[in-house]
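Student: Could you take me through the aromatic rings in this one, up close? I'd like to hear how they pair up and what sits around them.

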Amino acid sequence: MLGKNDPMCLVLVLLGLTALLGICQGGTGCYGSVSRIDTTGASCRTAKPEGLSYCGVRASRTIAERDLGSMNKYKVLIKRVGEALCIEPAVIAGIISRESHAGKILKNGWGDRGNGFGLMQVDKRYHKIEGTWNGEAHIRQGTRILIDMVKKIQRKFPRWTRDQQLKGGISAYNAGVGNVRSYERMDIGTLHDDYSNDVVARAQYFKQHGY
């Protein structure tokens, strides 16, 4: 395995091949950068239940800010998984915020009427649950599921940029690859029709706060 500072690894990054080859360790940019992704943020249907009178990126950032204290309990684990799997920890944090408010809304580690497990709400109907609800094994499993979605989007939309494919994978994490039909409308059919846009906006906040 190559280290992230190995010259060959740097060449592969420039060529955009690390996501396909998966041979560079220690980096987090194999699947694009959340900072470069355009986003409209949370829909009003997501913002209103949070007690917010406004929507959009501002709402997503407010929700992320509320989750930051709880998220920081898992910061070391999130960053470790992100570095191991070469994906930005901020993206993992964005999903954790959207799925479980960093665990605050779970009951004994479960949500979604007893179907979703852990911080990243891995669905027991489709996956064999791994680890404890807030442990590294769980975060690693959820992140592997996300990366699998990103790779499927890469194959489905090979002409999209890596950043666009990352956003598509985030959307697919919620509603499946089949639901992603175009870049502009990828969230139609996700919960509240805003999943990737909300997660991206939250992730951008978390990236600015050390993730």
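Tutor: Here's a walk through the aromatic pairs, and then the charged groups over rings. Keep in mind that this is a predicted model. The structure holds five aromatic pairs. Let's begin with Trp160 and Tyr183, whose rings meet edge-to-face, with 5.4 Å from centre to centre and 85 degrees between the planes. This pair ties together distant parts of the chain, 23 residues apart. Trp160 belongs to the loop between α7 (136–156) and α8 (162–175), whereas Tyr183 comes from the loop between α8 and α9 (195–207). Both Trp160 and Tyr183 are buried. They also have company: Phe157 joins Trp160 and Tyr183 in one aromatic cluster.

Next up are Tyr205 and Phe206. Their ring centres are 5.7 Å apart and their planes sit at 80 degrees, so this pair is edge-to-face; the angle matters because planes over 60 degrees apart count as edge-to-face. How buried are the two residues? Tyr205 has 6% relative accessibility, so it counts as buried, given that the cut-off is under 20%. Phe206 is buried as well, with a relative accessible area of 0%.

Now for the charged groups. Arg58 lies over the face of Tyr54, 3.7 Å from the ring centre. Over at Trp110, the partner is a lysine: the charged end of Lys124 sits over the Trp110 ring, at 5.6 Å from its centre.

Definitions and conventions
Residues are numbered from 1 along each chain as its sequence is written. This is a predicted model: local features need pLDDT of at least 70, side-chain atom pairs count only at pLDDT 80 or more; totals for chains, interfaces and linings use all residues. Side-chain values use heavy atoms; hydrogens and water are left out. Rings of Phe, Tyr and Trp (its six-membered ring) pair if their centres lie within 6.5 Å; planes under 30 degrees apart count as stacked, over 60 as edge-to-face and the rest as tilted. Helices (H or I, at least four residues) and strands (E, at least two) are DSSP runs, numbered from the N terminus. Buried means under 20% relative accessible area, exposed over 50%, partly exposed in between (1.4 Å probe, protein chains only). A charge sits over a ring if NZ of Lys or CZ of Arg is within 6 Å of the ring centre and within 35 degrees of the ring normal.
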